[in-house]
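Student: I would like a close look at one part of this model, and then at what lies around that part. Please take it step by step.

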Amino acid sequence: VQLQAFGGGLVQPGGSLRLDCTASGMTFFINAMGWYRQPPGKQRELVATISKSGGSTNYADSAKGRFTISRDNAEDTVHLHMNSLEPEDTAVYYCNAAVIYATGAKGDYWGQGTQVTVSS
């Protein structure tokens with residue numbers, strides 16, 4: 001499975017951005033997907049995850065009420081809509097796909113990361 005993320009950039013505080021991530025390869029085996037971020041000088045942290053069906057989502061406290069994760073299984077994409085952005089949201093954002101193969105083996109795949117900078 002390969003993941004490619006798009007949509008990062010520079011935005012002013014209070015602004016919005018949408019991140020997109022497209023999966024390719026053996027996408028049939030993708031289970032949950034998610035977005036993580038790594039702020040400057042800090043460790044990578046969870047932002048949001050979404051189940052295979054899209055019916056269940058999970059958000060970090062910092063993302064609740066401001067960010068929305070969604071997925072389109074027909075297009076093998078996952079999105080992160082970010083509103084009311086704050087300077088503390090500045091980070092490299094990574095998409096993630098958790099895979100369970102028919103054999104029961106599991107895999108964990110990451111996109112290349114996209115920079116989000118919130119600054120005036």
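Student: Which residue has its backbone oxygen 3.0 Å from a polar atom of the side chain of Q112?

Tutor: The residue is A5: its backbone oxygen lies 3.0 Å from a polar side-chain atom of Q112. Before going on, note that this is a predicted model, in which local features need pLDDT of at least 70 and side-chain atom pairs count only at pLDDT 80 or more, while totals for chains, interfaces and linings use all residues. Residues are numbered from 1 along each chain as its sequence is written, and side-chain values use heavy atoms, with hydrogens and water left out.

Q112 sits in the loop between strand 10 (106-110) and strand 11. Strands here are DSSP runs of E with at least two residues, numbered from the N terminus. With a relative accessibility of 45%, Q112 is partly exposed; that term covers values between buried (under 20% relative accessible area) and exposed (over 50%), using a 1.4 Å probe and protein chains only. Leaving out residues up to four places away in sequence, Q112 touches L3, Q4, A5 and Y94, where contact means heavy atoms within 4.5 Å. F6 is 106 residues from Q112 in sequence, but the C-alpha atoms of the two are 9.5 Å apart.

A5 and F6 belong to strand 1 (2-6). Strand 1 runs antiparallel to strand 3, and 5 bridges join the two; strands pair if DSSP finds at least two bridges between them. In this pairing Q2 stands opposite S24 of strand 3. The open sheet has 4 strands in the order 1-3-8-7, with antiparallel pairing. Its edges are strand 1 and strand 7, each of which pairs on one side only. From one strand to the next, the twist averages 15°, an angle between N-to-C directions (0 to 180 degrees) of lines fitted to C-alpha atoms.

H79 is found in strand 8 of that sheet. H79 is buried, because its relative accessible area is 15%. The side chains of H79 and D20 are joined by a polar contact of 2.6 Å, meaning N or O atoms within 3.5 Å, one able to donate a hydrogen and the other to accept it; neighbours in sequence count only if both atoms are side-chain atoms. Among the residues that H79 touches is W35.

W35 leads to the largest nonpolar core, which has 30 residues; W35, L80, M82 and Y93 touch the most other members. Such a core is a set of buried Ala, Val, Leu, Ile, Met, Phe, Trp, Tyr and Cys residues joined through side-chain atoms within 4.5 Å.
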